[in-house]
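Q: Could we go through this structure together, a bit at a time? I'd like to begin with the empty space inside and then move on to the sheets.

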Amino acid sequence: MTFSLVARCAETGMFGTAIASSSPAVAARCSYTRAGVGAVSSQNVTDPTLGPIALDLMQAGMSADQAIAEVRDKARFIEYRQVLAIDRAGRVAIHSGPRSLGIWTQAEGNGVIAAGNLLANEDVPQAIVTAFENATGHLGDRLIDAMRAGLAAGGEAGPVHSAGLQLCDAVPWPVADLRCDWTDDCPIEAVATAWGIYKPQLKAYVQRALDPREAPSYGVPGDD
């Protein structure tokens with residue numbers, strides 16, 4: 001009931017993940033990024049603890065493959081889980097438990113890995129990876145393009161209702177964390193609309209945190 005990707009921008013070192021699901025608020029439970037460390041998507045009968053655990057392991061020096069192996073060896077009910085990760089070197093790894101739902105599969109590329117469960121067909125993750133690799137521009141733009149391609153390739157077996165996009169860069173908080181927690185329309189397009197608004201202001205919001213004296217105004221009442 002979910003499809004997602006995690007990726008690293010080779011030019012900037014920025015990490016990101018994007019996800020969509022028929023379940024509500026999927027990004028709140030499944031998407032994790034950490035600047036200078038990596039990105040993780042933990043999905044399918046979700047255990048929200050697995051994302052932070054995998055990031056902690058990579059921060060401690062493990063590769064994505066080593067971290068996923070450790071999660072697979074130590075986590076409870078791992079046969080139900082699907083966990084995909086990318087590390088600071090752009091290496092990717094995944095665990096898909098045999099009790100993942102419906103049609104489940106995965107695909108990987110250069111600095112990107114995608115996976116899903118309860119999919120309409122087995123081609124969806126490869127469509128996501130191919131679109132990401134062919135896209136240009138900001139990492140957020142490439143993630144949106146990839147998710148649109150996954151949906152166009154069939155997406156889930158049923159309609160998707162929630163989606164999310166998370167990015168991390170050189171600060172210890174996500175520089176973008178955009179979500180559509182429920183809609184009967186397309187949640188990927190809702191997140192894409194939010195990204196189009198947020199993208200020009202992303203650096204300014206980081207600057208406001210680091211030194212508000214240098215941050216530009218966006219015409220908000222009381223914001224001079």
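Q: Which strand supplies the largest share of the lining of the largest cavity?
A: Strand 9 supplies the largest share of that lining, with three residues. Please keep in mind that this is a predicted model.

Q: And which elements each supply at least two residues of that lining?
A: They are strand 2 (15-21), helix 5 (139-152), strand 9 (162-168) and helix 6 (187-198). The lining residues themselves are Ala18, Ile19, Ile144, Met147, Ala163, Gly164, Leu165, Ile188 and Val191.

Q: How many residues of that lining are nonpolar, and how many are polar or charged?
A: By class there are eight nonpolar residues and one polar residue, while no charged residue takes part in the lining.

Q: How much space lies in the largest cavity?
A: The largest cavity holds about 50 Å³ of space, and the structure has one cavity of 30 Å³ or more.

Q: OK, pockets next. How much space lies in the largest pocket?
A: About 260 Å³ lies in the largest pocket. Its lining is made of 14 residues, and those nearest the centre of the pocket are Arg8, Cys9, Ala10, Glu11 and Arg142.

Q: How do the residues of that lining divide by class?
A: The lining of the largest pocket has five nonpolar, five polar and four charged residues.

Q: What about the second largest pocket, which helix gives the most to its lining?
A: Helix 7 (residues 202-210) gives the most there, with three residues. The second largest pocket has about 180 Å³ of space, and its lining residues include Met14, His138, Asp169, Trp195 and Lys199. By class, that lining divides into eight nonpolar, one polar and three charged residues.

Q: Let's switch to the sheets. In what order do the six strands of the open sheet come?
A: The order of those six strands is 7-8-1-2-9-10, and their pairing is antiparallel. Strand 7 (105-109) and strand 10 (174-180) are at the edges with a single partner strand each, so one side of each has no neighbour in the sheet. From one strand to the next, the twist averages 5°.

Q: Over how many bridges do strand 1 and strand 8 pair?
A: Strand 1 (residues 2-8) and strand 8 (residues 112-117) pair over six bridges in the antiparallel sense. Within that pairing, Ala7 stands opposite Val112 of strand 8.

Q: Which strands does helix 6 touch?
A: Helix 6 packs on this sheet and touches strand 1, strand 2, strand 9 and strand 10, and the direction of helix 6 makes about 145° with that of strand 10. Helix 6 is also one of the elements that supply at least two residues of the lining of the largest cavity.

Q: There's also an open sheet of four strands, so what is its order?
A: The four strands come in the order 3-4-5-6, with antiparallel pairing. At the edges are strand 3 (31-34) and strand 6 (92-96), each with a single partner strand, so one side of each is left without a neighbour in the sheet. Here the twist averages 10° from one strand to the next.

Q: What do strand 3 and strand 4 form?
A: They form a hairpin with three residues between them, and Gly36 in the turn has a positive phi of about 75°. Four bridges join these two antiparallel strands, and Thr33 has Ala39 in strand 4 as its bridge partner.

Q: Then which residue in strand 5 is the bridge partner of Ser41?
A: The partner is Leu84. Strand 4 (residues 38-43) and strand 5 (residues 82-87) are antiparallel and pair over six bridges.

Q: Which strands does helix 2 lie across?
A: Helix 2 (residues 50-59) lies across strand 3, strand 4 and strand 5, and it runs at about 150° to strand 4. Helix 3 packs on the sheet too, touching strand 5 and strand 6, with its direction at about 20° to that of strand 6.

Q: Last topic: how many salt bridges does a search of the whole structure find?
A: The search finds eight salt bridges. One pair that meets in a salt bridge is Lys74 and Glu70, at 2.8 Å from N to O.

Q: Where do Lys74 and Glu70 lie, and how many residues apart are they?
A: They are in helix 3 (residues 64-74) and four residues apart, so about one helical turn separates them. As a general point, side chains of opposite charge can pair when their charged atoms come close.

Notes. Residues numbered from 1 in each chain as written. Predicted model: local features only at pLDDT ≥ 70, side-chain atom pairs only at ≥ 80, totals over all residues. Heavy atoms only, no water. 1 Å grid on protein atoms, 1.4 Å probe; cavity = no way out; pocket = protein on both sides within 12 Å on 5 of 7 lines; lining within 4 Å. Points joined across faces, edges and corners; volume = space filled by probe spheres on them. Nonpolar A, V, L, I, M, F, W, Y, C, P; charged D, E, K, R; others polar. Pairing = 2+ DSSP bridges. Axes fitted to C-alpha atoms, helices over the stretch in contact; angles between N-to-C directions. Contact = heavy atoms within 4.5 Å. Salt bridge = Lys/Arg side-chain N within 4 Å of Asp/Glu carboxyl O.
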